[in-house]
Amino acid sequence: MSTKGTHDRLAHRLACTLILLNQGGKLTPKGLAGRFNVSVKTARRDLDRLDAMGLRQDEDGRYFLPSYLLGKLTFHEVDRLIALSGIQDLFPDVGSALLRDMFDHMARSALLTKGLYDEQAGKPADVQTIQGAITEYRHLDFQYRTGAGLDDYVDLEPYRLLNDKGAWYLAAVHHGQIKTFHLGKIQTLSVKASSFQPDLAIQVRVQTDDSIWSHEALSEVLITVNAEAADYFKRRTVLARQQIVEELADGSLIVSTAVVHPAQILPIVRYWIPHLRILNPLELQISLEQELREYVQ
């Protein structure tokens, strides 16, 4: 049996296992052994490879992902995780450390997103309703608020919900075209009894193509980062489309980002208080300060 053939089968099993976990599945070594026609020992070893994900077990011994990680894996991430799992065989310490670091980063992002739910994006029930329509391939009808008023959308085919820095968006097909909608602008939402046949090419695109989420006009936001937090911002991309504009003499930074909606940036600044301050547009900083004053009172 060739090494390549063995690795290909391992990659296939890990990919399927990751996808099942990502979809909320609860898995057992015995169940995976039957699914992939391998021994229970091999299936258990596969789950051990993914231990860095922080897998949990219920009272029946079934493995599952924490709820805050569900739906977070894209096709690109599955590929990267499989590659890193292969590295574990050659370099156990290095491979495990890389996997753990990647999942730690995903967990922090997921927790931040969960904790900073976009209060302007609609009620949580709206998110659950749309997610149900996506899962069951049901058509959606709603009105969408624009600067000119309300536009009617009928028989949309919903494909994915995305939470970007606290703001919720829906990717859906309308008259054959992929469009994205900010949930805060959706009104009179209803799920229809009629269903649609999902297009695999569209499913792949909404999972992997960042460009479909940036069709709305972006506004630049300038932020100061004090010296205490500057090193972290230089090492990591904390903000979407983050660019370091200037490093000041006192060690602080001026960074820029671009957003569609204030909900994409205000939760992040709140999280980093007192290290961040919005320079421009000034009205965002004023709004944030007013909100904090009301909270303290």
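Hi everyone, this is a short walk through the overall build of this chain and a few of its salt bridges.

A word on the ground rules before we start. This is a predicted model, so local features need pLDDT of at least 70 and side-chain atom pairs count only at pLDDT 80 or more, while totals for chains, interfaces and linings use all residues. Residues are numbered from 1 along each chain as its sequence is written, and side-chain values use heavy atoms, with hydrogens and water left out.

Let's begin with the overall picture. The chain has ten helices and eleven strands; these are DSSP runs numbered from the N terminus, with helices (H or I) of at least four residues and strands (E) of at least two. Of the 297 residues, 42% are buried. Here buried means under 20% relative accessible area, exposed means over 50%, and partly exposed is in between, with a 1.4 Å probe and protein chains only.

Now for contacts, meaning heavy atoms within 4.5 Å. Among contacts in the chain with a separation of 6 or more, 61% come from residues 24 or more positions apart. On the outside, the chain exposes about 16,600 Å², and carbon and sulfur atoms supply 51% of that area. Those areas come from the Shrake-Rupley method with a 1.4 Å probe; for residues, only the protein chains shown count as cover.

On to the salt bridges. The rule is a side-chain nitrogen of Lys or Arg within 4 Å of a carboxyl oxygen of Asp or Glu, and the count comes to ten.

Please find Asp 58 on your screens. Which residues are linked with Asp 58 in a network of salt bridges? They are Lys 26 and Arg 62. Between Asp 58 and Lys 26, the closest N and O atoms are 3.9 Å apart. That pair links distant parts of the chain, 32 residues apart: Asp 58 sits in the loop between strands E1 (56–57) and E2 (63–64), and Lys 26 in the loop between helices H1 (3–22) and H2 (29–36). With Arg 62, the N to O distance is 2.7 Å.

How covered are these three? Asp 58 is buried, at 12% relative accessible area, whereas Lys 26 is partly exposed at 43% and Arg 62 is partly exposed at 29%.

One last pair, then coffee. Arg 277 and Glu 289 meet in a salt bridge at 3.1 Å, N to O. This pair also joins distant parts of the chain, twelve residues apart, with Arg 277 in strand E11 (residues 276–280) and Glu 289 in helix H10 (residues 282–296). Arg 277 counts as partly exposed, at 43% relative accessibility, and Glu 289 is partly exposed at 25%.
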